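Open your viewer, clear any old selections, and get ready to click along. We will go from one stop to the next, with a selection to make at each.

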Amino acid sequence: MSLADETPSGTLTPQPTAGSERQSPGSRPDASLRPLEPSAGGPDERVPGAFGRLLRSELRLVLGRRRNVILLSGLAAVPLLLALVLFLTRSSQSAGEGPGFVGRVTENGLFLVVAAIFVCLPFLLPLTIAIASGDAIAGEASAGTLRYLLVVPVPRTRLLVVKALAALAFAGSAVLAIAIVGLVAGAGFFGLHDVVLLSGDTVSLGAGALRIAGVVVYVALSMTGLVAVGLFFSTLTEVPVAAMAATVITAIVSGVLDALPALHAIHPWLLTHHWLDFAELLRIQPDWRTLASGLGVQAAWIVIFSTLAWARFTSADVSS
Amino acid sequence: MTPAATAVGDEAEAGSEDTGPLAVRSDGLTKRFRSGQVAVDGLGLRVPRGAVYGFIGPNGSGKTTTIRMLLGLVQPTGGRSWLLDESMPRASSRVLTRVGALVEGPAFHPYLSGRANLARLDAVDATADPRTRTRRSGEALERVGLSAAADKKYRQYSLGMKQRLGLAAALLRPRDLLVLDEPTNGLDPQGTREVRNLVRELAAGGTTVLVSSHLLAEIEQVCSHVGIMSRGRLVLQGDRSVLAARGDARVAVVTTPSCVATAAEVLRGLGLGSPDVEGVRLVAPLGEVPPERVSAALVRGGVDLVGFEVRRSNLEQVFVELTGEGFDVAR
C-alpha cells in the first residue's frame, strides 16, 4: 500500500479528489438535507417525455446494433441478387413458375418487390425477425444488463412494451428493406410499367404501386404474431440463442403442419397459414375477408403470446 | 451456533428500536427456491440512515439473493422489506431512483462505449433530466477515474475498468442509498483504496452505503455497522461495538527460551488460564485483566520481555468464529 502511495499512478488517485471538489458546492447542501427526510421534490419527479426517451434509446440500440444492420443488409441483398439473376438469365427463364411473381419481374420491375418478399417469406424473414425478437429480453438477461435496467428503475411492463415496439420496428424495417431495394433495383433493371394483375386485368402504375404497398403492409403485419412468439420465448430464458431458435422452429413447425392435409381443421389458425394471402391484393377484386381473417389470426397470436410474455416477465425472478 | 445466532438476532431486533430512521429494513425476509433450498431465512436487516453497513458472509451464504430481493429483482417467498421507508417491491419505481446499485458485478452492452452505456441507463430513467445527462455522466466518469477511457468500447475494458463503470452508473445521480455488491472485485490495490475513499466521501455527504464484500479488512476499514450472514441467516448485526463486545482480547508475549516456563507461570498466576506456547511465544486470553498488570507482573517475575502485544479480535476472527466456513462455499 505504501508503494501505491508513492507510485505516481496518475490514473486513479487525483481524479476523485478533483471530482469531489467540483461536486461539493452543489451536492453537499443537498445531501445534508436528504438523509433524514425522503426527498419531496427533485429526484422523484418524472421528467416529461420519459416513454419517448426510453423508446428512442431502445430503437437506437436495436437498429444501431451491428449484427442487426448486417441482418437487414442481408435481406436487402435478396432483391438485388434476384434482379441480377433474372436480368442475366432473361432469355432462358422458365415462365409460369410458381404463383408467377418471379416470372413477371422481367416484364415489370415493380414485381421485384413482390418476388423478393415471396422468396424471403418461408425462411429468411422469419429467421431475421426471430433473431431480433428472441434477443429482446434474453439478450439483456444474458449480458446482465436486465438487472441494471430494472433497478434504474424501469417498470417491467413498460420495459416489455418498449422491447415489443422495438422488435416490431425491426420487423417492419426488415420488410421495408426488401421492398425499397426491390423497388429501386426493379426500376433500374426492368423499368416500371402499368401492372398486369394475377387475374389478367391491367391497372395503372399508380394503382399498381398502391397495391404493392398494400402487399408490403400486409406482410409486415403478418410478422407481428411471430414477434409476439419471439418475445415470449425471450422471457423464458437467459440464453438468447435458445429463444431465437425456438421462435424459428415455431415458424417452421407451423409451415410443416400447414402442409399436412390431415390437419386441415387447424390450418386456419396456424401462424404461417395466411402469410401468402398477400396475393389477394394482386387480384382485380381482392377478397377482403381473406385478408381480414389473416390479420385476425395474427392478432390472436399477439394477444395470447404477449399476455404470456407479460405474465412471465412481470413475475419472474431476475437472477442473471 | 444456532442458539448463539438467535440470541444475537434478538439483540439486534431489540437494538433496532432506538437506531432512528432506517435506510434499509427487512422483517423475516425469506427466499425459498422452487428446488426447496432456502437461500435466505428470516432476515431482519437494520441499516440506519447514514451508516456504512458492511454486509459479509461466505460465498453462497445468501448475500446476493438478499440484495436482489431488496432491489425488487427477486420476489421474496416470505417477509417484507423497506428501502428508505418505502415498501418494496411495490414502491420500486418511486424509491429506486434514489438508490444506486452495483449488483453482482458490472454489466453493460459490450459494443457500446462506457459513455454511451451511461447515456443508455440515464435515458431509460424516467426521472433523469436529459439536459444534464452529458454533464452528469462526465462527472460520474471522472469521479471513478474513467474519463480517459470513456469513449472506448466496453468490450475493451479491463475488469477493473468495468467495475469502475459500474460505480459510475451508480453515481449518475445523487443518491440517498448505495447498494454495492463486491465493489472492489477485480480492482488493483490502488483501485481498492480509491473505492474506500469514495465510500467514505459519499458517507460523509450523508449517503447510506450498504457494501458487501469478501475482503474483511476492506469492510473493517470503512464500515460503521456490520451484518454477518451464514447459511442464509444473519448471525451478527449492529454497529462496530458488537464486534468489540464479542472480541476476546488476547495477550501475546515473546520472551527468551530460558524464560518460557517462568512466563507461563506468571500468566497462570494472574488467572489468565493456560497459555498456548509456540517456541518463545506465549498467547493467553486476557479476560478482565488489564494488560499493564500483565506486563508489570512479567517484568517483576524476572521474565525477559522481548515482545508484548494485546490483540483485540478483529472482524476476521469474529467472522470465522461465527461462520466457521473459511474459504469453502456454504453449500
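The tour below visits chain A first and chain B afterwards.

**Before you start**

This is a predicted model, in which local features need pLDDT of at least 70, side-chain atom pairs count only at pLDDT 80 or more, and totals for chains, interfaces and linings use all residues. Residues are numbered from 1 along each chain as its sequence is written, while chains are lettered from A and ligands numbered from 1 in the order in which they are written.

**Stop 1: chain A as a whole**

Select chain A and show it as a cartoon: there are 13 helices and 2 strands. Both are DSSP runs numbered from the N terminus, helices being H or I of at least four residues and strands E of at least two. Of its 320 residues, 41% count as buried; here a residue is buried if 20 or more other C-beta atoms lie within 10 Å of its own, exposed if 12 or fewer, and partly exposed in between, with C-beta atoms placed from the backbone. Contacts (C-beta atoms, placed from the backbone, within 7 Å) are worth a look too: among those in chain A between residues at least 6 apart in sequence, 76% join residues at least 24 apart.

**Stop 2: a helix pair**

Now select residues 66-88 and 124-143 of chain A, which are helix 4 and helix 7. They pack at an angle of about 170 degrees, with axes 11 Å apart. Axes are lines fitted to C-alpha atoms, for helices over the stretch in contact, and angles run from 0 to 180 degrees between N-to-C directions. The pair is therefore roughly antiparallel, a label for angles over 145 degrees, with under 35 being roughly parallel, 65 to 115 roughly perpendicular and the rest oblique.

Which residues of helix 4 of chain A meet helix 7 of chain A? Show Asn68(A), Leu71(A), Leu75(A) and Val78(A), and opposite them Leu124(A), Thr128(A), Ile131(A) and Ala132(A). By class, this contact has 6 nonpolar, 2 polar and no charged residues (nonpolar: Ala, Val, Leu, Ile, Met, Phe, Trp, Tyr, Cys and Pro; charged: Asp, Glu, Lys and Arg; polar: the others, Gly among them).

**Stop 3: two cis peptide bonds**

Stay in chain A and zoom to Val152(A) and Pro153(A), joined by a cis peptide bond with omega near 10 degrees. Pro153(A) sits in the loop between helix 8 (145-150) and helix 9 (156-190) of chain A. Then move to chain B, where the bond from Met88(B) to Pro89(B) is cis, with omega near 0 degrees. Pro89(B) is in the loop between strand 6 (86-88) and helix 3 (92-95).

**Stop 4: positive phi**

Select Leu84(B), a non-glycine residue with a positive phi near 50 degrees. Its place is the loop between strand 5 (78-83) and strand 6 of chain B. Is Leu84(B) buried or exposed? Leu84(B) counts as buried because 24 C-beta neighbours lie inside 10 Å. Glu182(B) also has a positive phi, near 50 degrees, but counts as partly exposed, with 19 such neighbours.

**Stop 5: the sheet in chain B**

Finish with the open sheet of 4 strands in chain B, ordered 13-14-12-15 with antiparallel pairing; strands pair if DSSP finds at least two bridges between them. Strand 13 (276-278) and strand 15 (307-311) are at the edges, each with a single partner strand, so one side of each has no neighbour in the sheet. Between strand 13 and strand 14 (281-285) of chain B there are 3 bridges, and Val277(B) has Leu282(B) as its bridge partner. Finally, add helix 10 (260-269) of chain B, which lies across strand 12 (250-254), strand 13 and strand 14, at about 10 degrees to strand 14.

Technical notes. Two residues are in contact if their C-beta atoms, placed from the backbone, lie within 7 Å.
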